[in-house]
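User: Hi! I'd like to walk through a structure with you, one question at a time. Could you show it first?

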Amino acid sequence: MRFLLINGPNLNLLGHREPGLYGSKTLKSIEADLQETAHLDGVELDCFQSNFEGALVDRIHQAMGEVDAILINAGAYTHTSVALRDALLGVDIPYVELHLSNTNSREEFRHHSFLSDRAVGVVSGFGAMSYELAFRGLLAHMRK
Ligand code: DQA
């Protein structure tokens, strides 16, 4: 099985960016840890990060026929992007939405997600562990 992990804008700054909210782990180390976990479960994990909405849309299109399932932390685009929603629905690949912070306990504009109603599930608020929990949930779903 092959999964794709997508990270959206500003997540390349993890480790430096608002550590009180997002923790001190870098994206590189989150990706490396998840790749190790995935490998132990026999899953190949590709990782992609971009600050550009169109590049994220292109990567989702590219996943068609290549990837079985997607883990996505779309960052701020979660709350704004109809294009990302349409791309995910368009390729028809199951996905889990994830966030390091609990977006529902933050500003009101973070309470709405364009992705969550069609996601297999949503994981939010567990810091770097959200990635691991999202992976576990998605894998269980795919093995059902
Ligand atoms: C985030 C939450 C978003 O609201 C925010 O814009 C981010 C990070 C998270 O992982 O907690 O960039 O997706």
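User: Thanks! Let's begin with Thr78: is Thr78 buried or exposed?
Analyst: Happy to help, and please keep in mind that this is a predicted model. The relative accessible area of Thr78 is 1%. Buried means under 20%, so with its 1% Thr78 counts as buried.

User: Where does Thr78 lie, and which residues does Thr78 touch?
Analyst: Thr78 sits in the loop between β3 and α4. Leaving out residues up to four places away in sequence, its contacts are Glu97, His99, His112, Ser113, Phe114 and Leu115.

User: How far is the side chain of Thr78 from the backbone oxygen of Gly75?
Analyst: Here we look at a polar atom of the Thr78 side chain and the backbone oxygen of Gly75. A polar contact needs the atoms within 3.5 Å. The distance between these two is 2.6 Å.

User: Gly75 makes me curious about the ligand. Which residues surround the ligand?
Analyst: Gly75 is indeed one of the residues around the ligand. Others in that list include Tyr22, Ala76, His79, Ser101, Thr103, Arg106 and Arg110. The ligand's surroundings also take in Arg17, Asn73, His99 and Leu100.

User: How far is an oxygen atom of the ligand from the side chain of Arg17, from the side chain of His99 and from the backbone of Leu100?
Analyst: For Arg17, an N or O atom of the side chain is 3.0 Å from a ligand oxygen. For His99, a side-chain N or O atom and a ligand oxygen are 2.8 Å apart. For Leu100 the partner is a polar backbone atom, and the distance to a ligand oxygen is 2.8 Å.

User: And how much of the ligand's accessible area does the protein cover?
Analyst: On its own, the ligand has 320 Å² of accessible area. Of that area, the protein covers 99%.

User: Asn73 was in the ligand's surroundings. Which side chain does the Asn73 side chain meet in a polar contact?
Analyst: Asn73 belongs to strand β3, residues 69-73. Asn73 is buried, with a relative accessible area of 3%. Its contacts beyond four places in sequence include Ile6, Asn7, His99 and Leu100. The polar contact between side chains, at 3.2 Å, is with Tyr131.

User: Tyr131 takes us to helix α5. How far apart are the end C-alpha atoms of α5, and what span should its residues give?
Analyst: Helix α5 runs over residues 129-143, which is 15 residues. At 1.5 Å a residue, the helix should span 21 Å. The end C-alpha atoms agree with this, being 21 Å apart.

User: Within what arc do the buried residues of α5 fall, and why do they line one face?
Analyst: The buried residues of α5 are Ser130, Tyr131, Ala134, Phe135, Leu138 and Leu139. They line one face of the helix because, seen down the axis of α5, they fall within an arc of 160°.

User: What is exposed on the other side, and what covers the buried residues of α5?
Analyst: Met129 and Arg143 are exposed on the other side of α5. The cover over the buried residues of α5 includes β1, α2, β3, β4 and β5.

User: Let's turn to helix α4. Which elements help cover its buried residues?
Analyst: In α4, residues 82-91, the buried residues are Leu84, Arg85, Ala87, Leu88 and Val91. Seen down the axis of α4, they fall within an arc of 160°, so they line one face of the helix. The elements covering them include α3, β3 and β4.

User: At the start of α4, which backbone nitrogen does a side-chain oxygen of Ser81 reach?
Analyst: The Ser81 side-chain oxygen comes to within 3.4 Å of its partner. That partner is the backbone nitrogen of Ala83.

User: Which phi values do Asn10 and Glu18 take, and where are these residues found?
Analyst: Most residues other than glycine have a negative phi. Asn10 is in the loop between β1 and α1, and Glu18 is placed in the loop between β1 and α1 too. Asn10 is partly exposed at 35% relative accessible area, and Glu18 is partly exposed at 44%. Phi is positive in each case: near 75° for Asn10 and about 30° for Glu18.

Notes: Residues numbered from 1 in each chain as written. Predicted model: local features only at pLDDT ≥ 70, side-chain atom pairs only at ≥ 80, totals over all residues. Heavy atoms only, no water. Helix = DSSP H or I, 4+ residues; strand = E, 2+ residues; numbered from the N terminus. Buried < 20%, exposed > 50% of the residue type's maximum accessible area, 1.4 Å probe, protein only. Polar contact = N/O pair within 3.5 Å; in protein donor to acceptor, adjacent residues only side chain to side chain. Contact = heavy atoms within 4.5 Å. Expected span 1.5 Å × (residues − 1). Arc of directions from axis to C-beta. Near = heavy atom within 4 Å. Areas by Shrake-Rupley, 256 points an atom, 1.4 Å probe, with all protein chains shown as cover.
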